[in-house]
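Reader: I would like to work through a model with you, feature by feature, with the general idea set out before the particular case. Where would you begin?

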Amino acid sequence: PSCFGYPLSIFFIIINEFCERFSYYGMRAVLVLYFKYFLQWNDNLSTAIYHTFVALCYLTPILGAIIADSWLGKFKTIVSLSIVYTIGQAVMSVSSINDLTDQTQDGSPDNIPVHIALSMVGLILIALGTGGIKPCVSAFGGDQFEEDQDKQRSRFFSIFYLSINAGSLLSTIITPILRAQECGIHSKQRCYPLAFGVPAALMAIALVVFIAGSGMYKKVKPQGNIMVQVSKCIGFAIKNRFRHRSKEFPKREHWLDWASEKYDKRLIAQTKMVLKVLFLYIPLPMFWALFDQQGSRWTLQATTMDGNFVAIQIQPDQMQTVNPILIIIMVPVVDAVIYPLIKKCKINFTPLRKITVGMFLASLAFVAAALVQVQIDKTLPVFPTAEQSQIKIINLGTDNASIKFEPELGHVDVMSLRSTGYMTFETSQLQSLSITSGNKTKLDIIKLPGGKRHTLAVKNNEADIVVKQLLDNVTSKPEEGNNLIRFINNLPDPINVTMGETSFGNLASLSDSNYELFPGGRQDNITIVRNSMTCSGTSKALGFGSAYTIVINECSRGNLTVTYSEDIAPNTVHMAWQIPQYFILTCAEVVFSVTGLEFSYSQAPSNMKAVLQAGWLLTVAVGNIIVLIVAGASKLSEQWAEYVLFAALLLAVCIIFAVMAYFYTYVDPNEIEAQFDEEEKNQVKKDVKFYENVAEADSQM
């Protein structure tokens, strides 16, 4: 059955591909944040495991292709591995339920190793599934067409590529929104089970849709795997060359010609073409090493930025959608506008030049990322080292105050109801403070433990200057754009403080509460109960990733007066600053990745496409392994420096590739095939002639 001149079966295949990509990219979008916030791994471990997983996903296709071509056939391979895949997604979803091991019901899992074990099992099954079916689905779609449907077949591959991008785009928007929801039985947490569960459900749908079309598919029998044949041919050539290494054997034109004793000339010629292309692939992994950091390092970079886009709040993992959105716009623009313009300028923009330009652009994108990182680093707080202490002064009195740090380490003036920023001192040097406020002076001997931040609350009462030393136990900037809030009671009576849903309990006069976490970007109600009188007000908008001390100065006639002291500045660098680096990297992808596959296919015979596809996917896997090695081996403490390092490495590789490309000669596989066909025809003619002659001779006897 057909529809619009296409076999009906391919619509099932396209829907299946859309669901599968939605499932894969949706899961991958939230993965690095799941590692960081749920499994509580640090940035480096999260990045390492993320790239190990992506590398696995690109190694397994080779396995999938061999299983399909040599053993099960494409249809059975897709079905059986999709089942594995769906189970993997479901396990992943279960692994992220914190109530699974949360006996204490405090909202964080008590037995992290159980969750780690489950998620690793889930990820391995997913890597087997997604990788195993990757090479089969597009080829299986191609199989559905008749010989004379070339036009429809190429249109199918365009729609197929579009469905991949549509799936990845939608899921990269939707899964982070699901992740940002609050859910849980005992305590409300970020909703990872939903963020992994929806992809699992879509994978199940993909499987059902694919099986539903079963009766309509053209199922080609497995015909043996060309990769296996090529490998055997290469192996035999090397062995044979080694056996004949002494001087008495004549040299052969190409080392692969040593396989001619066992393999036919055509296979050897085809293998030569493939190896010529695969040799060019050697520098390509470096591009993927940069490209795939969108999901790891760049997403972690976005967590330290301000995601407030006018009315909407963007999640850090949603920034990855910039890539598929731009791809959908850029591919047609580049094809219809940019390439024709370059042609008009009489520039011969060969495929290898395009790939070189792609590499150069990707290294540029990382320079842009490094520049953004430098700006972010300026906004990050500096915490004291073990030998240092940091002090900030809050003046709670109505008079201005002047504080001298003795012995002669400087002095600071603080206005009434204002505070200073943090000042850093060597702990061993600072011995006492001399505080002057109004007409009184007080000397305060001070002993601070090293490596901590302190707030000194100073107040000039009628009788005396009161100094309260408060410990600020914040050791890092709040994650995920949350804010930390604490209160100081500057009223003479004890009070009870509530902000939003959170109760801070009772505070005595001039004492402070603990810090509590609040989601970023919103304003909450503050309610004070003082001697059975209630005052309330709304907090100011506190931004993202900040810490504030709120001082309660007055509560009368139901009105509340407070002052804010900023302990940690909010994220001020806007996420929109990531758009340039995404734009440059997407331009790189369009010239690099689209051209790369086209070039490979144009330089090798049609029956070798599977080998090249495997080689291409292998470059992606190796690229992700490079990230592991570089990020592990480079002991760079600064993130911007790591970006610059990757940019420099890719630039070096780009130059090497340009040299290799310069010496590459393009071939036309069809011509070479035609030569072989011609030779075979001539051989047949010769044979026929020979047998005719023999027959004639026979008849004359």
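**Reading pockets, sheets and turns**

Author: Let us begin with an open space: strand 18 gives three residues to the lining of the second largest pocket, and that is the largest share. Please keep in mind throughout that this is a predicted model.

Reader: How is empty space found in general, and how much space lies in the second largest pocket?

Author: Rolling a probe the size of a water molecule over the atoms shows where empty space is left. In this structure, the second largest pocket holds about 960 Å³ of space.

Reader: Which residues lie nearest the centre of the second largest pocket, and which elements give two or more residues to its lining?

Author: Of the 35 residues that line the second largest pocket, those nearest its centre are Arg-190, Glu-479, Glu-480, Asn-482 and Leu-517. Two or more lining residues come from each of helix 1 (9-38), helix 4 (150-180), strand 4 (189-190) and strand 18 (516-518). Sorted by class, the lining of this pocket has 14 nonpolar, eleven polar and ten charged residues.

Reader: What does a search for cavities find?

Author: Over the whole structure, the search finds one cavity of 30 Å³ or more, and the space in this largest cavity is about 30 Å³. Its lining is made by Ser-389, Phe-425, Glu-426, Thr-427, Leu-430 and Leu-448, which by class gives three nonpolar, two polar and one charged residues.

Reader: Strand 18 came up in the pocket, and I would like to place it in a sheet. How do strands pair in general, and what is the strand order of the sheet that holds strand 18?

Author: Strands of a sheet pair through backbone hydrogen bonds, either parallel or antiparallel. Here, an open sheet of four strands runs in the order 18-15-21-22, and its pairing is mixed. Strand 18 and strand 22 are the edge strands, each of them pairing on one side only. On average, and with direction ignored, neighbouring strands of this sheet are turned by 35° against each other.

Reader: Which residues can I use to follow the pairing at the two edges of this sheet?

Author: At one edge, strand 18 and strand 15 (residues 483-489) pair in the antiparallel sense over three bridges, and Leu-484 stands opposite Leu-517 in strand 18. Leu-517 is also among the residues nearest the centre of the second largest pocket. At the other edge, nine bridges pair strand 21 (residues 547-556) with strand 22 (residues 559-568), again in the antiparallel sense, and Thr-549 stands opposite Ser-565 in strand 22.

Reader: What should I notice about the backbone in the hairpin of strand 21 and strand 22?

Author: Two residues lie between the strands of this hairpin, and Arg-557 there takes a positive phi near 50°, although the residue is other than glycine. Another case is Leu-510, which is not a glycine and has a positive phi of about 60°; its place is in the loop between strand 17 (502-507) and strand 18.

Reader: Is Leu-510 buried or exposed, and is Arg-557 buried or exposed?

Author: The relative accessible area of Leu-510 is 14%, so this residue is buried, the limit for that word being under 20%. Arg-557 has a relative accessible area of 79% and is therefore exposed, a word that calls for over 50%.

Reader: What is the strand order of the sheet with strand 9 and strand 12, and why is one side of each left without a neighbour?

Author: That open sheet of four strands has the order 9-8-11-12, and its pairing is antiparallel. Strand 9 (411-414) and strand 12 (440-445) stand at its edges with a single partner strand each, so one side of each has no neighbour in the sheet. From one strand to the next, the twist averages 15°. Strand 11 (residues 432-437) and strand 12 run antiparallel and are joined by six bridges, with Asp-444 in strand 12 as the bridge partner of Leu-433.

Reader: Where is the cis peptide bond?

Author: It joins Glu-406 and Pro-407, with omega at about -5°, and Pro-407 lies in the loop between strand 8 (401-406) and strand 9.

Definitions and conventions:
Residues numbered from 1 in each chain as written. Predicted model: local features only at pLDDT ≥ 70, side-chain atom pairs only at ≥ 80, totals over all residues. Heavy atoms only, no water. 1 Å grid on protein atoms, 1.4 Å probe; cavity = no way out; pocket = protein on both sides within 12 Å on 5 of 7 lines; lining within 4 Å. Points joined across faces, edges and corners; volume = space filled by probe spheres on them. Nonpolar A, V, L, I, M, F, W, Y, C, P; charged D, E, K, R; others polar. Pairing = 2+ DSSP bridges. Axes fitted to C-alpha atoms, helices over the stretch in contact; angles between N-to-C directions. Buried < 20%, exposed > 50% of the residue type's maximum accessible area, 1.4 Å probe, protein only.
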